[in-house]
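Please read the following note alongside the sequence and the three-dimensional view. It is written for a reader who is new to structural description.

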Amino acid sequence: MQQWLRWLRWLRRGPRTERKDAGATKPTFISGGRLRAAGVPYMLPTDNQEINRLDFQHYLLRYALRGNYAVPITNPASILDVGTGSGRWAREMAMQFPEASVVGLDIVPPPADAERRTDLHPTNCRFVQGNVLEGLPFPDASFDFVHMRLMVLALPAAQWPFVVHELVRVTRPGGWVESVEYGGEQRAGPAISQLMLWGTQASALRGIDTAYSTQVGELLHAAGLQNVRTQEVDLPLGAYGGRVGVMNGVDLLTAMKALGSLYVTQGIATTEEFERTIQAAQAEVESRHYRAVSPFYVAFGQRVR
């Protein structure tokens, strides 16, 4: 229980800096007390609390996946991170490859750190505002490595082929494209299963099909990439899974709580139903009775010409 409380306090901590650019780059609105981007399918917030969660999620995935990438790169000159979120992945890649130029793209770019230390804001990393659904604002063959992670809740099903084509278009011959997507909980208890169902219903109202998380490898191949590889990595969810399981549970419930107001306004659940289900889900992840897993799907391929 102490681990849960410690990490929940970390996720709820105040922002290190004000996110001054959040309202300037894209229209936003408040729902359920959280700042969200307007005019896009993505349902999760864009505020500083969400930045904290995305950083927390990044550390979880880096630990569980044993690194920041799966592609066989050695000395890339340029790297693009599509849907960069908090920018943590892009910054770490910039530090790992100090000779590379790293660009992070998002509808709402991450906030600048107040302390311009090179460990927080490496000089070879920059962030730009852009929406992959409108096309990537880069010329053909611009990057050696193009990375996209956890965008399944932001991309309507009909747009997936276009988005993958854009990832391939800006990749240089010989370069690599990698995607990491979340597939929804498996073997979960009734409360978490109910939260997953509500999420699927809310996504469908925005044209999103979460099943695409398992199909990215096929899309990469259809877009002309070679040497395509796919891998499923199942992360434990809950106390039975030790450190990773506890972190995964905290991350999941934090994200689900951020979505509750949308479920209510869309008529998918009442406030009382949602609060009751969240409490039951908290008990499920703290119990060792359930053996739920969170599947993550890694897919990558190489552009050969």
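The points below move from the whole chain to helix packing and then to a single residue.

1. The coordinates under review are a predicted model, and every remark below should be read in that light. The secondary structure of the protein chain consists of nine helices and nine strands.

2. Of the 305 residues in the protein chain, 57% are buried. The accessible surface of the chain amounts to about 13,400 Å², and carbon and sulfur atoms account for 51% of that surface.

3. How do contacts relate to sequence separation? Among contacts between residues at least 6 apart in sequence, 77% join residues that are at least 24 apart.

4. The first helix pair to examine is α3 (residues 48-65) with α8 (residues 242-265), whose axes lie 10 Å apart and make an angle of about 150 degrees. Angles over 145 degrees count as roughly antiparallel, and α3 and α8 are therefore roughly antiparallel to each other. The crossing of α3 with α8 is left-handed.

5. The contact between these two helices can be followed residue by residue. On the α3 side, Arg53, Phe56, Gln57, Leu60 and Tyr63 take part; on the α8 side, the residues are Arg243, Val244, Met247, Asn248, Val250, Asp251, Thr254 and Ala255. By character, the residues of this contact comprise seven nonpolar, three polar and three charged.

6. Helix α8 also packs against helix α9 (residues 271-286), with the axes coming within 10 Å and crossing at roughly 165 degrees. By the same cut-off of 145 degrees, α8 and α9 are therefore roughly antiparallel to each other. The crossing of α8 and α9 is right-handed, whereas that of α3 and α8 is left-handed.

7. In the contact of α8 with α9, helix α8 contributes Leu253, Met256, Lys257, Gly260, Tyr263 and Val264. Helix α9 contributes Thr271, Phe274, Ile278, Ala281, Gln282 and Val285. The residues of this contact divide into eight nonpolar, three polar and one charged.

8. Is Asp251 buried or exposed? Asp251 lies in helix α8 and has a relative accessible area of 6%. Buried means under 20%, so Asp251 is buried.

9. Which residues surround Asp251, leaving aside its neighbours within four places in sequence? Asp251 is in contact with Arg53, Phe56, Gln57 and Leu60, and these residues belong to the α3 side of the contact with α8. Asp251 and Leu54 are 197 residues apart in sequence, yet their C-alpha atoms are 8.6 Å apart in space.

Note on methods. Residues numbered from 1 in each chain as written. Predicted model: local features only at pLDDT ≥ 70, side-chain atom pairs only at ≥ 80, totals over all residues. Heavy atoms only, no water. Helix = DSSP H or I, 4+ residues; strand = E, 2+ residues; numbered from the N terminus. Buried < 20%, exposed > 50% of the residue type's maximum accessible area, 1.4 Å probe, protein only. Contact = heavy atoms within 4.5 Å. Areas by Shrake-Rupley, 256 points an atom, 1.4 Å probe, with all protein chains shown as cover. Axes fitted to C-alpha atoms, helices over the stretch in contact; angles between N-to-C directions. Parallel < 35°, antiparallel > 145°, perpendicular 65-115°, else oblique. Left-handed = near helix turned anticlockwise from the far one by under 90°. Nonpolar A, V, L, I, M, F, W, Y, C, P; charged D, E, K, R; others polar.
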